[in-house]
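Colleague: Could you take me through this one? I'd like to start with the helices and then see where the talk goes.

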Amino acid sequence: MLKTILSITGKPGLFKIISNGRNMLLVEDIISHKRFPAHSRDKIVSLGDISMYTSGDDVPLPEIFENAKKVYDGNQVDVKAMQKEGTLREEFAKVLPDFDRDRVYDGDIRKFFTWYNLLLQAGITTFTAPKEETAEEQTAE
């Protein structure tokens, strides 16, 4: 679901792919809906391709967004208040308990919560693709 939502280094916010052309993508800000080209020289990353370090295997960002939606009942999070109170890491531990405390920085956690809020503000509340039924589940029906 988040494969078409992008982060572009140097540009605040998140963007949706509208179309692609030669050496560029046409993207749209998910909040303001302003469109502009993102060129091949820009560092562009799909949210579906990002994962976070844990004590075990890395966890994909869409799964962490789903966890946050459950923890916060689909409501936005006050990142500034968490940062002021010094509870940023404790709040993130509610979402991803086994995150690697050495390799996940406060800036990463702030960015996660900011992106989570932007996605909710844009009306995007489904972060992972629906699971496809396996052959065993289909024969059981």
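Modeller: Before anything else, a residue is called buried under 20% relative accessible area, exposed over 50% and partly exposed in between, with a 1.4 Å probe and protein chains only. Helices (H or I, at least four residues) and strands (E, at least two) are DSSP runs, numbered from the N terminus. This is a predicted model, in which local features need pLDDT of at least 70 and side-chain atom pairs count only at pLDDT 80 or more, while totals for chains, interfaces and linings use all residues. Residues are numbered from 1 along each chain as its sequence is written, and side-chain values use heavy atoms, with hydrogens and water left out.

Colleague: Fine. Which residues of α1 are buried?

Modeller: The buried residues of α1 are L61, P62, I64, F65, E66 and A68. Taking contact as heavy atoms within 4.5 Å, they pack against β6, β7 (59-60), α3 (88-95) and α4.

Colleague: And K70, buried or exposed?

Modeller: K70, which also has its place in helix α1, counts as exposed because its relative accessibility is 62%. Its C-alpha atom is separated by 21 Å from that of D57, 13 residues away along the chain. The helix is followed by D73, whose phi is positive, near 55°.

Colleague: Where else is phi positive, outside glycine?

Modeller: N23, in the loop between β2 (15-21) and β3 (24-29), has a positive phi of about 60°, and N23 counts as exposed because its relative accessibility is 53%. H33, which is not a glycine either, also has a positive phi of about 60°, and its place is in the loop between β3 and β4 (35-39).

Colleague: Switching to aromatics: how many pairs are there?

Modeller: Rings of Phe, Tyr and Trp (its six-membered ring) pair if their centres lie within 6.5 Å, with planes under 30 degrees apart counted as stacked, over 60 as edge-to-face and the rest as tilted. By this rule there are ten aromatic pairs. One of them is F65 with F112, a stacked pair with 4.9 Å centre to centre and 15° between the planes. This pair links distant parts of the chain, since F65 is in helix α1 (residues 61-71) and F112 in helix α4, 47 residues apart, and both residues are buried.

Colleague: Why is F92 with F99 edge-to-face?

Modeller: The ring planes of F92 and F99 stand at 70° with the centres 5.0 Å apart, so the pair is edge-to-face. Both F92 and F99 are buried. Ring pairs also link F65, Y72, F92, F99, F112, F113, Y116 and F127 into a cluster.

Colleague: Which charges sit over rings?

Modeller: The criterion is NZ of Lys or CZ of Arg within 6 Å of the ring centre and within 35 degrees of the ring normal. Examples include R101, over the face of F99 at 4.3 Å from the ring centre, and R103, over the face of Y53 at 3.8 Å from the ring centre.

Colleague: Last topic, the largest pocket: what lines it?

Modeller: The largest pocket is lined by 22 residues, of which S7, I50, D108, K111 and W115 lie nearest its centre. α4 (106-121) is among the elements that each supply at least two lining residues, and the largest share, six residues, comes from α4.

Definitions and conventions. On a 1 Å grid over the protein atoms alone, a cavity is a set of points where a 1.4 Å probe fits but cannot get out, and a pocket is an open set with protein on both sides within 12 Å along at least five of seven lines; lining residues have an atom within 4 Å of a point.
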